[in-house]
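These are my notes from going through one structure, entry by entry. I wrote down what I looked up and what I found.

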Amino acid sequence: MHPLFEKASGLTESIIAAAIEVHRDKGPGLIESIYEWCLTKELGLRGLNCVSQKVVVVDYKGFKREEPLRFDVLVESCVLVEAKAVERILPIHTAQLLSYMKLLDIPLGLLINLHEMKVTDGISRLILPGANK
């Protein structure tokens with residue numbers, strides 16, 4: 001089992017509650033960067049440490065490469081959140097989040113589509129393969 005999996009699992013409820021609060025306040029129809037900013041503020045108000053828009057560094061056999069990829073929000077160094085504002089979630093969105101999770105070794109991810117009328121209809125929880133075993 002991934003050493004941060006239990007901590008990550010315990011945080012998902014608070015992160016989802018924060019996303020619901022942002023959606024309740026702002027509603028659907030805004031751009032992703034606004035939702036992401038509001039979510040980081042809401043998570044901070046709830047006492048959760050988070051960072052956003054950090055560059056993903058790829059490490060391969062001692063070689064490092066900064067990719068022009070930036071994740072949305074990393075909460076307490078163990079849950080990666082991708083905030084979307086799209087008509088519907090596509091397989092590429094899931095692949096993007098899983099790629100970030102693998103590259104950063106993050107056990108759990110939440111894909112949240114804030115474009116939905118009811119935000120809970122747009123939430124997917126992803127587990128890094130093998131992280132819960």
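**Entry: D72.** I began with the side chain of D72, where a polar atom lies 2.8 Å from the backbone nitrogen of A83. The model is a predicted one, so I take the distances in these notes as values from a prediction. I then looked up where D72 is found, and the place is the loop between β3 (63–70) and β4 (73–75).

Does D72 have a salt bridge, or no salt bridge? I found none, although D72 is buried. The nearest side chain of opposite charge belongs to K84, 5.2 Å away. A salt bridge needs the nitrogen and the carboxyl oxygen within 4 Å, so K84 does not qualify at 5.2 Å.

I also listed the contacts of D72, leaving aside neighbours within four places in sequence. The list holds E36, V51, S52, Q53, V81, E82 and A83. A83 is thus on the contact list of D72 and also supplies the backbone nitrogen noted above.

**Entry: salt bridges.** How many salt bridges are there by the rule? I get six. I wrote out three, with the exposure of each partner.

- D25 pairs with K26, and the closest N and O atoms are 3.4 Å apart. D25 counts as exposed at 54% relative accessibility, while K26 counts as partly exposed at 40%.
- E42 pairs with R46, and here the closest N and O atoms are 2.8 Å apart. E42 is buried, with a relative accessible area of 15%, whereas R46 is partly exposed at 37%.
- D59 pairs with K64, with 3.4 Å between the closest N and O atoms. D59 is partly exposed at 49%, and K64 is exposed at 63%.

**Entry: helix α2.** E42 sent me to helix α2, since E42 is among its buried residues. The helix covers residues 32–45, which is 14 residues. From its first C-alpha to its last it reaches 20 Å, close to the 20 Å expected at 1.5 Å a residue.

Which residues of α2 are buried? I noted Y35, E36, C38, L39, T40, E42 and L43. I set a general point beside this list: an α-helix has 3.6 residues a turn, so residues three or four places apart point the same way.

Next I asked what the buried residues of α2 pack against. The partners are α1 (5–26), β1 (50–52), β4 and β5 (79–84). One of the buried residues, E36, had already come up as a contact of D72. Just after α2 I looked at G47, which takes a positive phi of about 80 degrees.

**Entry: cysteines.** C38 is another of the buried residues of α2, so I checked for disulfides. The count comes to zero. Why is C38 not in a disulfide? The closest cysteine sulfur, in C50, is 12 Å from the sulfur of C38, which is too far for a bond. The cut-off for a disulfide is 2.5 Å.

I repeated the check for C78. Its closest cysteine sulfur is also in C50, and at 12 Å that is too far for a bond. For burial, C38 counts as buried at 11% relative accessibility, and C78 counts as buried at 0%.

**Entry: L97.** I looked up L97 and placed it in helix α3 (residues 91–104). Is L97 buried or exposed? L97 counts as buried, at 0% relative accessibility.

Leaving aside neighbours within four places in sequence, L97 is in contact with L80, E82, G109, L110, L111 and L126. I recognised E82 from the contact list of D72. I also took one distance: L97 and K118 are 21 residues apart in sequence and 22 Å apart in space, C-alpha to C-alpha.

**Entry: H2.** My last lookup was H2, which has its place in the segment before α1. H2 is buried, with a relative accessible area of 11%.

What does the side chain of H2 reach? I found the backbone oxygen of D105 at 3.2 Å. A polar atom of the H2 side chain also lies 3.0 Å from the backbone nitrogen of L4. Not counting residues up to four places away in sequence, H2 touches D105, P107, L128 and A131.

Notes. Residues are numbered from 1 along each chain as its sequence is written. This is a predicted model: local features need pLDDT of at least 70, side-chain atom pairs count only at pLDDT 80 or more; totals for chains, interfaces and linings use all residues. Side-chain values use heavy atoms; hydrogens and water are left out. Buried means under 20% relative accessible area, exposed over 50%, partly exposed in between (1.4 Å probe, protein chains only). Helices (H or I, at least four residues) and strands (E, at least two) are DSSP runs, numbered from the N terminus. Lys and Arg count as positive and Asp and Glu as negative; His and the chain ends are not counted. A polar contact is a pair of N or O atoms within 3.5 Å; within protein, one must be able to donate a hydrogen and the other to accept it, and residues adjacent in sequence count only if both atoms are side-chain atoms. Contact means heavy atoms within 4.5 Å. The expected span of a helix is 1.5 Å times one less than its number of residues.
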